[in-house]
There are 2 protein chains.
Amino acid sequence: VRKKEISVEKYVSEIQKGSRVFLSKAITLIESTNPKHKEKANAILKTCLQTPNKSIRIGITGVPGAGKSTFIEAFGTYLTSLGKKVAVLAVDPSSSVTKGSILGDKTRMEELVRNENAFIRPSPSGNSLGGVARKTRESMMLCEAAGYDTILVETVGVGQSETAVHSMVDFFLLLKLAGAGDQLQGIKRGIIEMADTIVINKADGDNIKRAKLARTEFKRALQLYPHKDNGWLPKVTTCSALKNDNIDGVWDIINEYIELSTNNNSFKDRRAEQNKFWLVQTIEEQLKENFYSHPEVAKQLIILTKEVEKGTISPFDAAEQLLSLK
Amino acid sequence: VRKKEISVEKYVSEIQKGSRVFLSKAITLIESTNPKHKEKANAILKTCLQTPNKSIRIGITGVPGAGKSTFIEAFGTYLTSLGKKVAVLAVDPSSSVTKGSILGDKTRMEELVRNENAFIRPSPSGNSLGGVARKTRESMMLCEAAGYDTILVETVGVGQSETAVHSMVDFFLLLKLAGAGDQLQGIKRGIIEMADTIVINKADGDNIKRAKLARTEFKRALQLYPHKDNGWLPKVTTCSALKNDNIDGVWDIINEYIELSTNNNSFKDRRAEQNKFWLVQTIEEQLKENFYSHPEVAKQLIILTKEVEKGTISPFDAAEQLLSLK
């Protein structure tokens, strides 16, 4: 007997009632590569988008070892203690089903994973950052329809994925390590510029002094940059996720940001901008995929790229040749 | 009587002999929107690319008022005194024939413009940054074929144009102002990260102290970033283009960079990378142009963008609808 299919309406109504089971199932549809699943996911998403919500989306990045899991465990737990419903998602394009992914190891969030007001979902897998980010962004919207009002989106601060996460959140938090060697501090250029706050974690025990020093240095460095367009001046603070120290202080900064950006309308504007960004992004990614997957283009691209590298043909000339193939 | 057309061979041989007249004429062909001119320009460029050259390409950026023209006048004149042949180009997408452009006002480079070993060309005009940058990059190659061994590419540090210039030069110089208000220091985030050197200009008279202070601050800020991939640690220095002070010091830094990057092969690798970058860039720009210029797409894009902004349709859903139109 063929299993009866669940209707879109059923999905939506269960999600809106806050069913974690249906939320999970719907996210699985979003993550599926099966076109039929995708179609259904789109229909669910479309209806869910009508649900009004007042969520706050927070991106959290930091190099491996900065203590992201511990921080999210402490921060998420604190938020639920304030009555918030917290969804934790991730964008990790390096992950795959076999390799595991960040947030895949739920044992590192022991407390939060058992918390009734928290929903944790590991990063979707995928070959392209765009694809992974898209899935996470869509899942986020389902979480919001299910009543989660605080969305934490985790990413590893080692590649392009922060830019993707930055473009889907209201607030971007950079977690840094205190008292670590320079190699650990060596995060990608440009990430510091995206941060709305820099939180220096592991400010405990012998590390407190070094954490305070780091805070001073980052404050000084940030002063060299102008205010953000919305008038916000990124803040630097310390915390110890392990000792649950100053977790509320981090939340205070986020609230201050939300107040400022709500008052001057930049919160709403940023969301509208992000929606437009994702429209353009999706179109352009698809255009590229259509072009590069063309067999003759793929073949000639290899040949012409070599010539371009050697400088025997102008890149513009090579581009023209390739474009004429399709 | 119809004017006899000059052949591609004639162009190439005259350019290779160092004719400024033919170099200028050929650049005019590159800048033309006439398809026949473009075709001819491509043929000239193709042949000129075969000319081996050992040029150094230096990008120079800074906000209006940082003293770019004065710096280029002093720096270019200094380079010719060392026996160099200097070409000065520009990327300024905001310029147009009517509005004038940076380097358009040659009176600000009085000395250099009369120098036999310098070739100055204002920014090409154009509606898209990609188009303007492409023209400048092609002109640069013709200058190299004409024997110019040091190419200075100027751009205004207020938009995306630095990224375009950064992707066509070997070395990127950021000109900053000493002793100016914060508003003038407020350059775009991310530019500092691209810089191979930060030169604090107008370090003269009453400004010397403030310039030195700025140098210290920038040095400290740069220390927070890791070394560049090629092992280079960006340097900070001061100069006074007006008083011709420490112009040689700037050149020393560039030479140090060239030595390091030649020795570890990153100089060659960066050029090959840039060629590949321009190939991909040109393809993708053309794909987008082809798509967005489609009448039905253009029409629906306006309607769907509004819905996406309001959040009544998912950006992904809207993208799919648009892509199905073509």
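Ala221(B) comes closest to the rotation axis of all residues of chain B, its C-alpha lying at 2.6 Å. This is a predicted model, in which local features need pLDDT of at least 70 and side-chain atom pairs count only at pLDDT 80 or more, whereas totals for chains, interfaces and linings use all residues. Residues are numbered from 1 along each chain as its sequence is written, chains are lettered from A and ligands numbered from 1 in the order in which they are written, and side-chain values use heavy atoms, with hydrogens and water left out.

**Symmetry**
- A turn of 180° with a shift of 0.1 Å along the axis lays chain B on chain A with an RMSD of 0.1 Å (least squares on the C-alpha atoms of residues with pLDDT of at least 70 in both).
- The two copies are thus related as by a two-fold rotation axis.

**Extent of the interface**
- Chain B and chain A each bring 52 residues to the contact (heavy atoms within 4.5 Å).
- Because 98% of the interface residues of chain B are also interface residues in chain A, the copies meet through the same surface.
- About 5,000 Å² is buried between the chains, with carbon and sulfur atoms giving 67% (accessible area, 1.4 Å probe, that two parts lose on being put together, summed over both).

**Charged pairs**
- Eight salt bridges are counted between chain B and chain A (a side-chain nitrogen of Lys or Arg within 4 Å of a carboxyl oxygen of Asp or Glu).
- One of them joins Lys288(B) to Glu284(A), whose closest N and O atoms are 3.7 Å apart.
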